[in-house]
Amino acid sequence: MKKVFIFFIFALLLYLSIFLLHGENIFFVFSEPWQKFLYRQKQDSIDQYDICEDLKIENMKLKSYRAENETLKQHLNFSTESQDKFILANILGRRYESGFNWIIINKGKKDGVSPGLAVVDQKGSLVGSIISVENSISYIRPLLDLHSSITADIINFNDKNEPEITSGIIQGEYNLIVKMKYVPLNQKVELGDIVITSGMEEGIRRGIIIGQVTEINKKPNAIFQELIINPLAERNLRIVSVLLPVN
Amino acid sequence: MLSAVKFIGLLFFIFLLVVLQTSWPLFPRQLSLVFILVMVLFLAGFSSWAWLSVIIGGLFLDLYSIFPPGLFCLSLVCSLAIFNKIVRKFNITSGKGFLASGLGGALIYKINILFFSYLFYFLKFSNYYIILNKFYWFDLIWFMVLSASFIFVITLGFKIIKRKAHLI
């Protein structure tokens, strides 16, 4: 009984010190290099026929820096063109629990990140949105997540050259595809149309590219049509930009 | 009783497991290494280690979670407590027993996560709760199969090595 009591007190103190006194930052600082290293393992494949081990490692490092440099340049170019204020962040990992997906990035409350902000890749395509923020890390809900829902528009021009806006809600499915739901049947949509954010959500501006229409599903007695969207954001991301609100 | 060195070793090992689980892209996303470690330790007869792993592992899992602090820790603690009550009635030493324990333990763990996600949501601690749809059921089955396989292989392997070591 005494042992159980000591154990309970130990657990309680540990939790209080970490979650109430923000002791988690110590853990995050310690774990970040490990996470970065592990997260890069998938992308950096080494040619198995290389002879010299040192050169192989050096080459891999250079390739890695080059790729990172290119990505950073692209992020900067995109942000200068769009005049968005942004924060660059490294992806530390991904987690999954009972249908919930979330991506962990190394920027948090102290860097100015807040829930609801849009996250884009180096080309400016939407990756997801911030759902939760800690002091030094944040969590992104990817577009492909089942619980993700973002209002989106498709802009087309009719015969008189007037713009026609088709609105709907973007939702992920199976963690593989993205669907645009609640699109009225009478709206004209074509394959290859570009889907953008409508700016209805607080923190997500209008005009961020989401993807391209690849399939149109129309059922005879349905009120709405359903569009399958191919997200244009890259899958194997390392660096992302968190877009800050303009004001 | 656990010594300080063993405790630090366990702490570091669990830390590595959590980092591996969150950051290694090749890792199956349904698998929970902390849960497997807890089950293996418990079935192999190291129950005090298993209880300590539950607290440390749960804490690390809660650190990288969008759910409120305590969900994973409480789920693991309750799962082990329930599992302990059930397992006490049986003498599990065979391969079949380990497999059944793995399946049962995984089911109890997932039910606990579901229960606490709803509890936290109703108590307004969290904005999210797990939705029971076809994806959830698929995920549950996949988690049970993966976890039970790992628990079965590791525990059986451990028992065989232990038996051989005793014979030598």
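This passage describes the domains of chain A, its contacts with chain B and two residues with positive phi in a predicted model. Local features are restricted to pLDDT of at least 70 and side-chain atom pairs to pLDDT 80 or more, whereas totals for chains, interfaces and linings use all residues. Residues are numbered from 1 along each chain as its sequence is written, and chains are lettered from A in the order in which they are written.

Chain A is assigned domain 1 (2-38), domain 2 (53-145 + 237-244) and domain 3 (149-231), the bounds coming from an automatic or database domain assignment. Between domain 1 and domain 2 of chain A, seven residues of the former are in contact with eight of the latter, contact being defined as C-beta atoms, placed from the backbone, within 7 Å.

Across the interface between the chains, 30 residues of chain A are in contact with 24 residues of chain B. On the side of chain A that touches chain B, at least two residues each are supplied by α1 (2-20), α2 (24-39), β1, β2 and β4 (126-133), helices (H or I, at least four residues) and strands (E, at least two) being DSSP runs numbered from the N terminus. The largest share of this side, seven residues, comes from α2(A).

S98(A), which lies in the loop between β1 (85-97) and β2 (100-105) of chain A, has a phi near 45°, a positive value in a residue other than glycine. Y182(A), found in strand β8 (residues 177-184) of chain A, likewise is not a glycine and has a positive phi of about 60°.

Methods:
Contact = placed C-beta atoms within 7 Å.
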